[in-house]
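Reader: I should like to understand the terms used to describe a protein model. May we go through them one at a time, with the reasoning set out?

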Amino acid sequence: MTGATGATGATDPTAATAATGMNGATGTPGHEPDRIKCVVWDLDGTLWDEIAVEAPTDELPTPRPEMLAAIDALAARGVLSSLASRSAPAVLDRLNAVPELRERFLAPQVSWQDKSESLRRIAKDLGIAVEALLLVDDSPYERAEVEALLPGVRTLDPRDVPALLAAFEGREVTPESRERVRRYRTEETRRAEGERFQGTREEFLRWCEMRLTVGAAGPQEVPRALELAARTHRLNSSGLSPERLRALAASDGHELYTARMADRFGEYGIIGAALVDRSAAGTWSVPLLALSCRVAGRGAAAAFLFWLMERSREAGAEEFRVTLRPTDANLEMRILLRQAGLRRTEDAENAGDAENAMDTTGSAVLARSLRGDLPRPPAWLHVSPRKDTEA
């Protein structure tokens, strides 16, 4: 469990990592770049050569230029960076005094706690699954500790960083990806304001003046919808693949909707995508509902779902369906669908919708009538149809 170079015995670490799926030792499935949302960097021996606490002055060691270049290259592709170092907390204070270095890292952890605990805290602070992290650390012991206690987390030897970068080459970069680091920094400000706010959570959300706009996706929004399908797991109803989503969205009887969000702190960008199948008379079916984990806990997923229900009833539908593929990650989505009154009807394979079942093995179809009262979005969130000029 020591990274690709140690595991394979190859003399070329880049080739070794590529051979094992870019993940360090195991090379097990599920380590594709789409799953990596944040790379967590060790400090001593990784970001720089020296040991910071042993420096004769308060000056930090000089970072390796190739590591800073890698961090910046990942940021340009929407991949966040953080820090996890087993060292004196004073090192973080010294790093905070160097803005051009500190600004590269979100939710940094510098303490004597185990690396696995640091990664748990980073994931919690960023609001992402711990499995979306990748640790770069020169210590085989630290990598092994993380792999043992956090089996879903990938680890990497610093020598294998070029292979990590190569794995992202040629992948489409959406505007949301390019803005992701900045928006997470805005989220840090938002979270800090929430901690200082004198009032309830709901009062704070009202104070934020949150706005959700929903509409049919324009051609320029399709790449972001595909990205949400690939990268979102916590608020993803079915796990429909980007390839299948693209094909279905272009087929007759289907329409792709996207949701944007903003508040007093700024724009979130496109945070949600939903594919609607209107081919069956009287029914709107949703093979995929996916939202960014950045908006979890703010009512956006519920508001988007309820908007789709209302829209379907206005279009004359009498029944609303959602394809659900239960996973360990999407419990929050499953609870939302149940709270919205959707109940299991039959397996997707037997639902007369074979094209969806191809991509959602183990799925079920949940349905509800559109007669009577429909659930309303949270009171703190203003929902409106998107104007054409916004698309």
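Author: Let us begin with Ser292, which is found in the loop between β9 (283-291) and α13 (300-314). The model shown here is a predicted one.

Reader: Why is Ser292 called buried?

Author: The relative accessibility of Ser292 is 6%. Buried means under 20%, so Ser292 counts as buried.

Reader: Which residues is Ser292 in contact with, leaving aside its neighbours within four places in sequence?

Author: Ser292 is in contact with Arg224, Leu228, Thr232, Leu235 and Ile271. As for Ile128, it lies 164 residues from Ser292 in sequence, while the C-alpha atoms of the two are 9.5 Å apart in space.

Reader: Arg224 belongs to α11. What makes α11 largely enclosed by the rest of the structure?

Author: Of the 10 residues of α11, nine are buried, and therefore the helix is largely enclosed by the rest of the structure. The buried residues are Pro223, Arg224, Ala225, Leu226, Glu227, Leu228, Ala229, Ala230 and Arg231. They pack against α9, α12 (242-249), β7 (254-263), β8 (266-277) and β9.

Reader: Why are α9 and α11 called oblique?

Author: Their axes come within 9 Å and cross at roughly 60 degrees. An angle from 35 up to 65 degrees is neither roughly parallel nor roughly perpendicular, so α9 is oblique to α11. The contact is made by Glu176, Ser177 and Arg180 of α9 together with Arg224, Glu227 and Arg231 of α11. By class, these residues divide into no nonpolar, one polar and five charged.

Reader: What is the relation between α6 and α7?

Author: The axes of helix α6 (residues 115-126) and helix α7 (residues 140-149) come within 8 Å and cross at roughly 60 degrees. By the same reasoning, α6 and α7 are oblique to each other. On the side of α6 the contact involves Lys115, Ser116, Leu119 and Arg120, and on the side of α7 it involves Glu142, Glu145, Val146 and Leu149. This contact has three nonpolar, one polar and four charged residues.

Reader: Why, then, is α3 called roughly parallel to α8?

Author: Helix α3 (residues 65-76) and helix α8 (residues 161-168) have axes that come within 11 Å and cross at roughly 20 degrees. Angles under 35 degrees count as roughly parallel, so α3 is roughly parallel to α8. The crossing of these two helices is left-handed.

Reader: Which residues of α3 and α8 meet?

Author: Met67, Ala70, Ala73 and Leu74 in α3 meet Val161, Leu164, Leu165 and Phe168 in α8. By class, the contact has eight nonpolar, no polar and no charged residues.

Reader: I turn now to salt bridges. How do you know that Arg182 and Glu179 form one?

Author: The distance from N to O between their side chains is 2.5 Å. A salt bridge requires such atoms to be within 4 Å, so the pair of Arg182 and Glu179 meets the rule. Both residues lie in helix α9 (residues 175-196), three residues apart, about one turn of the helix. In general, an α-helix has 3.6 residues a turn, so residues three or four places apart point the same way.

Reader: Are Arg182 and Glu179 buried, exposed or partly exposed, and why?

Author: Partly exposed lies between 20% and 50%. At 41%, Arg182 therefore counts as partly exposed, and at 29%, so does Glu179.

Reader: What makes Arg206 and Glu202 a salt bridge?

Author: Their closest N and O atoms are 3.6 Å apart, and the limit is 4 Å, so this pair also qualifies. Arg206 and Glu202 both lie in helix α10 (residues 201-207), four residues apart. With a relative accessible area of 44%, Arg206 is partly exposed; Glu202, at 38%, is partly exposed as well.

Reader: Where do the partners of the salt bridge between Glu221 and Arg386 lie?

Author: The closest N and O atoms of Glu221 and Arg386 are 3.1 Å apart. The pair links distant parts of the chain, 165 residues apart: Glu221 is in the loop between β6 (210-216) and α11 (222-231), and Arg386 is in the segment after β13 (381-385). Both Glu221 and Arg386 are buried. Elsewhere, salt bridges that share partners join Glu187, Arg190, Asp263 and Arg298 into one network.

Reader: How many salt bridges does the rule give?

Author: The count comes to 29 salt bridges.

Terms used: Residues are numbered from 1 along each chain as its sequence is written. This is a predicted model: local features need pLDDT of at least 70, side-chain atom pairs count only at pLDDT 80 or more; totals for chains, interfaces and linings use all residues. Side-chain values use heavy atoms; hydrogens and water are left out. Axes are lines fitted to C-alpha atoms, for helices over the stretch in contact, and angles run from 0 to 180 degrees between N-to-C directions. Angles under 35 degrees count as roughly parallel, over 145 as roughly antiparallel, 65 to 115 as roughly perpendicular and the rest as oblique. A crossing is left-handed if the near helix is turned anticlockwise from the far one by less than a right angle, and right-handed if clockwise. Contact means heavy atoms within 4.5 Å. Ala, Val, Leu, Ile, Met, Phe, Trp, Tyr, Cys and Pro count as nonpolar, Asp, Glu, Lys and Arg as charged, and the others, Gly among them, as polar. Buried means under 20% relative accessible area, exposed over 50%, partly exposed in between (1.4 Å probe, protein chains only).
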